Amino acid sequence: MEIAVDMTKCQSYAQCCFLAPEVFRFEGEEALTYNPNPSDAERFRVLQSAAACPVQAIRVAGTRLPQRTNDNHTDIVNDPDIARPARPPLGADDHVVIVGASLAGLTAAETVRAAGFTGRVTVIGDEPHQPYDRPPLSKQALTGAAGTTTTVLPQAADLDIDWRLGDAATSLDTTGRTVLLESGDRVTYTRLLIATGRSARAWSDPAEAALDGVFLLRTADDASQLRAALDAHPKRVLVVGGGFTGGEIASSCSTLGIPVTVADRGPAPMMKIFGSLIGQMMTDLHHEHGVDLRTGTGVDALISDDTGHLCGAHLTDGTTVDVDVAVVAIGSVSNSAWLDASDIAHDDGGVHHDHAQHVLDRAGRPLPDVFVAGDVAQGPNPVAGPGLWTSEHWGAAVGQAEVAARNIVLGTDATHMDVPVFWTTQFGHVLKAVGEPALADATQLTQGSLDDRSGVVTFGRNGRLIGAVAVNQSKWLHHYQAQIAAGAAFPLNGPTIAPSDDLSVHAAR
């Protein structure tokens, strides 16, 4: 069976851990880990857990979508919170095509069906796998808690989708409404959603990148290969980059008892995203778990032995480390090159779009029948301010896909205005964030104590609250999310319970 936990909703109430302890468990106080592919023997306990979850964060494969009739279209369109139809709703003879068998792609397919669309739905994917969950790939898939590296996302029982997997889209003709596939097949559409996501940024030297023992981590196949390398008990792993993925890989190596070195060009892990207060805490966590952390340090070269296997790395601090596995975790690039010959506006950041997830053409005009969602989407962000922004997070992919799918079916121009929510789990601690902490100019420890690994740090820019990070305090996330959405002033007046001993405001970085 397949399950997934929406960690943007999970508040660590732990009912699932009591009801299905062989599937769900905590690492530390609030860091939930789970097996996304438990045995069928656990089905009853998992279903109990899903029903008991106070925030309904557990998704189980095989559930049926809510049934809607044509009358529901009228109800939805007449909702004052949703834009009026700007174009005709889709009918049974229409065809929705989704390029990208991803979290966003699957969410869109389910939402299209839930919105009442009964026509054809085709999902095109470059990988041979059904849509799978990426966050576990750097955590339980590496440590063995998942039991597998194919973390297939649960699907509704009645989707009725034409899957075109392992056949990548290579070009798009928006005039002829046609997607060309690698196999040479052409797929025509009535309305199209682009959800092709991103790829891991490769190491800059192709010869070094090709060494045996050098890995990226973005796909299920990447995770499978890295898991096999870790199972071989390497003498030391080098992680290049101290962001989300790099920190999670280092944490997994620590769990497995494998010596690990992290080389991060920044002054502290996660500091670019979460600022100096969290950065110092993450530095301490790395040291407490035996990680050889090299901040302000990059990698000059990866070294090969006579057999073409990685044996070491020259670092910019002048040292050489002996390693037989290296994982390059230096960011990502958008999967949009297949659109180069089209009239769609895109760049290294992603595919440009408006508030309703309509793709923009090169003149900046929205295309009425082409939409985008997920990591490849680059568009307005109410928290970030003017300009086009990407939000490479699980919650954003789901929210954008749901809005785009309803607009596709109903012909509306509803906008995606959700405050982003995202998380990381490292060294037995869960950090959950809302808003855009990376854009802040000031920060304040509002609740608790980071020395105790339990608190909330808030972030402001130009006197406005734009982000918050909860460390092992997931239940507070919704409060701060609402404050951000309401445009609250920063610093906040009247801290909530358990205020920090030091409420002074600091520079974010």
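Is Q378 buried or exposed? In this predicted model, Q378 has a relative accessibility of 11% and therefore counts as buried, the limit for that class being under 20%. The residue is found in strand 26, which spans residues 377-381. Beyond its neighbours within four places in sequence, Q378 is in contact with D347, G349, G350, V351, H352, H353, L388, W389 and T390. One of these residues, G350, is 28 residues away along the chain, yet the C-alpha atoms of Q378 and G350 are separated by 5.2 Å. Two polar pairings involve the side chain of Q378. A polar atom of this side chain lies 3.4 Å from the backbone oxygen of G350, and a polar contact of 3.4 Å joins the side chain of Q378 to that of H352.

Nonpolar side chains were examined next. In soluble globular proteins, such side chains tend to be buried together. The largest nonpolar core of the model has 59 residues, and the members touching the most others are V237, F274 and I278. Strand 32 (residues 464-471) supplies six residues, the largest share of this core. A second core, separate from the largest, consists of 51 residues, among them F24, L32, L106 and V112. For V237, the contacts outside its neighbours within four places in sequence are L230, C253, I258, P259, V260, T261, V323, V325 and V327.

Helix packing is illustrated by helix 4 (residues 103-114) and helix 10, whose axes come within 8 Å and cross at roughly 35°. The crossing of helix 4 past helix 10 is right-handed. On the side of helix 4, the contact is made by L103, A104, T107, A108, T111 and V112. Helix 10 contributes W394, A397, V398, A401, E402, A405, R406 and V409. V112 of helix 4 thus appears both in this contact and in the core of 51 residues.

Charged pairs form another group of interactions. Side chains of opposite charge can pair when their charged atoms come close. The structure holds 18 salt bridges. One of them joins the side chains of D413 and R87, with an N to O distance of 3.2 Å. D413 lies in the loop between helix 10 (394-410) and strand 28 (421-426), whereas R87 lies in the loop between helix 3 (70-77) and strand 5 (95-99), so the pair ties together parts that are 326 residues apart in sequence. D413 is partly exposed at 27% relative accessibility, while R87, with a relative accessible area of 15%, is buried.

A further salt bridge is formed by D185 and R164, the closest N and O atoms being 2.6 Å apart. This pair links distant parts of the chain, 21 residues apart: D185 is in the loop between strand 9 (178-181) and strand 10 (186-188), and R164 is in strand 7 (residues 162-165). D185 counts as partly exposed at 36% relative accessibility, and R164 counts as partly exposed at 22%. A network of salt bridges links R164, D167 and D185.

The side chains of D40 and R43 also meet in a salt bridge, at 3.5 Å from N to O. In this pair, D40 has a relative accessible area of 55% and is therefore exposed, the limit being over 50%. R43 has a relative accessible area of 33% and is partly exposed.

Conventions. Residues numbered from 1 in each chain as written. Predicted model: local features only at pLDDT ≥ 70, side-chain atom pairs only at ≥ 80, totals over all residues. Heavy atoms only, no water. Core = buried A, V, L, I, M, F, W, Y, C linked by side-chain atoms within 4.5 Å. Buried < 20%, exposed > 50% of the residue type's maximum accessible area, 1.4 Å probe, protein only. Helix = DSSP H or I, 4+ residues; strand = E, 2+ residues; numbered from the N terminus. Contact = heavy atoms within 4.5 Å. Polar contact = N/O pair within 3.5 Å; in protein donor to acceptor, adjacent residues only side chain to side chain. Salt bridge = Lys/Arg side-chain N within 4 Å of Asp/Glu carboxyl O. Axes fitted to C-alpha atoms, helices over the stretch in contact; angles between N-to-C directions. Left-handed = near helix turned anticlockwise from the far one by under 90°.
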